[in-house]
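Q: Hi! I'm new to this one and would love a quick tour. Could you walk me through it?

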Amino acid sequence: MDGLSSTALSSPQLPARDAAVMDGTARRRPQAPPPSRRRRFGIAVRITLGLSVMALLVLLIGGVSMSSFRLFRAEVAALSTNTLPEVITSAELHGSLQKLVAQLPQLAAAASTPQRRSIYDGLVTELDSMQLLVARMRGLMKEGDPGAGERDGNVRLLEQTRSTLLILAATVADLNAEVTRQIEYGDRQAEAARALSRLAAAIESMPDTGAWAARIGALMARAAGATQLDHLSRLKGEARSAERTLAELARLSGGAPDPTGQMMSTVQEELFSLLVAPGGLFESAIDRLQARNRAQALTGQAQVLVETVERSTRALYDSIRDQSAERTDALAALIAERTRTVMVLAGTSLLLAVCVYFFFRRFLSTRLVAMNRAVLARLSGNRQSPHCGIAAPACLPVPVDQPVPVPVDGDDEITDIGASIRYFIDEIDRRQQALADNERRFRDLVEGSIQGIVIHRDFHVLYANDSFAAMLGMTVAEVVALPSLLSVVAVTERQALIEGYDRLLENGQSTPRRRIRACRSDGAGLWVELTGRRVDWMDGPAIQAVVVDVTREVEAEHALRQSRDAAERALDELRATQASLIQAEKMASLGQLVAGVAHEVNTPIGITITGASQLQALIGELSDRHTANALKKSDFQRFLSDGMEMASLILSNSTRAANLVQSFKLVAVDQSSDERRPFLLRDYIDELLRSLHPTYKARTALTIDVACPADLELDGYPGALSQILTNLIMNALVHALDPEQPGRIAIAARLLGPDMVELSVGDDGNGIAPDVLPKIFDPFFTTRRGAGGSGLGLHIVYNLVTGRLHGTIGVESRPGEGTRFTLRFPRVTAAA
């Protein structure tokens, strides 16, 4: 069995000799008051002062070390994150500038478009790279010390370099454009020269034209030589001279006879287009020479800008390198200075520690060791002098019956500690004696407990009190002699007990109360309730169980359970009877509706049959007259008039009957099938009233008003709603309204928010008495018991509203003023 432990049962026992000695000591020596602490300038103050000085030195060393480390880390971080990257970046900037210097003349001397494009792309790349390096340098300088004067000068140099690079980039772009135009005009000039060569070959194949051919040849030779000139004014003069020569040749070719004159005119026009026309040889040469001159000017400007950038970058590099050297030297000096300071403080701390050690040895440790030896001698029963082996030359024996005193020599805190230890030892002796007395009293209490207490290990009894043995009808000796406690437990309970025992040994947590069936020594059964916990008993863990006999409680619970089962069976039978009565009431209501509709339908059907038979007679009579050739126009017109009247009568009454049947079918099917579907509330109320009309058509003074929005659509169970409205209307007709007096029933519906509907049915009839009003929804409650009332109508309404529609229903009524039922339910009913 598992159970609850009692520590008093397992308290260790003192040896008999020590107990006797302490008992005698306690009797001989009265309890002394605790020693009072004397306040003086003693060992505590001196120790505190020494430790405080050491702590201050340690804090000072730590502070100096931490500040040195922080300064060192800050300087190293500055060197690694700012100064060194600045040096590298400035070096890279100077290297990129050297590449730019080498590529600028190549761009000006480019002779073809691919060569020019390749050189220009390289220049743009270098310029972009230099701009990125300048931007990186600006970022590094922003992260540095903003208050340094040297850094302000570097920032100015960097800004000058950046602005110069922007101008240089624009100059290189202009130079590229001029070189592009120079190459383009050169290509155009070369093409014109080739065309001129072809024209010269064509002129040579022409017939001899005398002076004209000579002048043409001289003009072409002069033009070819003029395009090689490097002087712009001379080139323009040659162009004007060639234009005048061509004008004179045009006059000569105009006076020559055809076809020679025609050929001369053609040659002269082609020569004009090649030499002096827009895009001709002279114009291309002039444009090429102008582009070359502009390119040379831009090249010179770019070289000046490059020199400016080179001076700025050189000065920036030198300044950053000097700053880096200064910071490195300052860091080395800082490290040397702080190292010397820390070494001095460390030596001072070591010297102070040696002094504190000898101080503690002299005033603290030696005396504490002597006190410890005296305390151990007192606890072990050794009766030697407390000064043996410490200060006395020999150990002096002490009488056996005299306790060894703890040394209290001196005049400081250690003396107070010795006095306190002596007091605590005496107090422990006294309390051990009191604890032994309490243990005896507690054992007497456990032995006399009315609850059974048993301690076992692996279900072998180690201890049991008289109450537990009495529960089993045994003696304590017989219980202890049992081979296993499982032998007195029902077989079905043994496995659970074994599992509980294992859990208790594993986690040591107390188990909840457990009720099991056991057996007495005479074979009689009993029920016990037990709790358990793990305890330490003698030489190992064990389980202590507290056992209570609950046989009478179990028998009482069994009897109560039988009574409850009988009551539940009776309640189930009552509910079944109630459900059958409710179903019968629903069917009776449906039967009443069927009877009323059938009676109402008989009238239009009878009229329809009469009209159809009369129409058939009219048709037979008309047919006979037609067969006898005695049909007159007046007879045919009378037949048409009477037939139209009969047809109208048949149609109107058939339509009336069909509407009644359709309304009845809709309401009756909804009441019997409980199908869920969406429907318009106003239309459904009108259909229901049309079906119920036969039940109240005789009441001519009755008025039924409906106030409901036409577009109010519900998604739910129309059969349940039909049953509710039918019962409420019939309840008003039967109980509230006098058939001979005017009466009014008001049906109103409205939305309460987006998802809730309020439906009310009120009348202005007799009302409900206050003592009856709380009972109207109770099953089988009626005020017309002798007149055929079942008392289930409003109960059905209540169940349908709260159950099927998931809503609520309330009623307001005053005698003589009428009654109003208010229903609130969701517009979309949840699935059943």
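A: Happy to! Let's start with a sheet: 5 strands form an open one with mixed pairing, in the order S7-S9-S10-S12-S11. Strands pair here if DSSP finds at least two bridges between them. Strands (E, at least two residues) and helices (H or I, at least four) are DSSP runs numbered from the N terminus.

Q: Which strands stand at the edges?

A: Strand S7 (702-707) and S11 do; each has a single partner strand, so one side of each is left without a neighbour in the sheet. On average, neighbouring strands of this sheet are turned by 10° against each other, direction ignored. Axes are lines fitted to C-alpha atoms, for helices over the stretch in contact, and angles run from 0 to 180 degrees between N-to-C directions.

Q: Before we go on, what kind of model is it?

A: This is a predicted model: local features need pLDDT of at least 70 and side-chain atom pairs count only at pLDDT 80 or more, while totals for chains, interfaces and linings use all residues. Residues are numbered from 1 along each chain as its sequence is written, and side-chain values use heavy atoms, with hydrogens and water left out.

Q: Thanks. How many residues of S12 are buried?

A: In strand S12 (residues 818-826), 7 of the 9 residues are buried, so the strand is largely enclosed by the rest of the structure. Buried means under 20% relative accessible area, exposed over 50%, and partly exposed in between (1.4 Å probe, protein chains only).

Q: And which strands does S12 pair with?

A: Strand S10 (residues 756-763) pairs with S12 in the antiparallel sense over 8 bridges, with Glu758 opposite Arg824. Strand S11 (residues 808-814) also runs antiparallel to S12, joined by 7 bridges. There, Val811 has Phe821 as its bridge partner, and Arg814 stands opposite Gly818. The hairpin of S11 and S12 has 3 residues between the strands, and its Gly816 takes a positive phi near 85°.

Q: Is Ser760 buried or exposed?

A: Ser760, in strand S10, counts as buried at 3% relative accessibility. Its side chain makes a polar contact of 3.2 Å with that of Arg820. A polar contact is a pair of N or O atoms within 3.5 Å; within protein, one must be able to donate a hydrogen and the other to accept it, and residues adjacent in sequence count only if both atoms are side-chain atoms.

Q: Switching to helices, where does H17 lie?

A: H17 lies across S11 and S12, running at about 140° to S11. Among its buried residues are Leu794, Ile796 and Val797. After H17 comes His806, with a positive phi near 55°.

Q: How many salt bridges are there?

A: The count comes to 15, where a salt bridge is a side-chain nitrogen of Lys or Arg within 4 Å of a carboxyl oxygen of Asp or Glu. In one of them, Arg515 meets Glu553, with the closest N and O atoms 3.9 Å apart. Arg515 lies in strand S3 (residues 514-519) and Glu553 in helix H13 (residues 551-627), so the pair ties together parts 38 residues apart in sequence.

Q: Which residues are in the network with Arg515?

A: Arg513, Arg515, Glu529, Glu553 and Glu557 are linked in a network of salt bridges. Within it, Glu557 and Arg515 have their closest N and O atoms 2.9 Å apart.

Definitions and conventions
Contact = heavy atoms within 4.5 Å.
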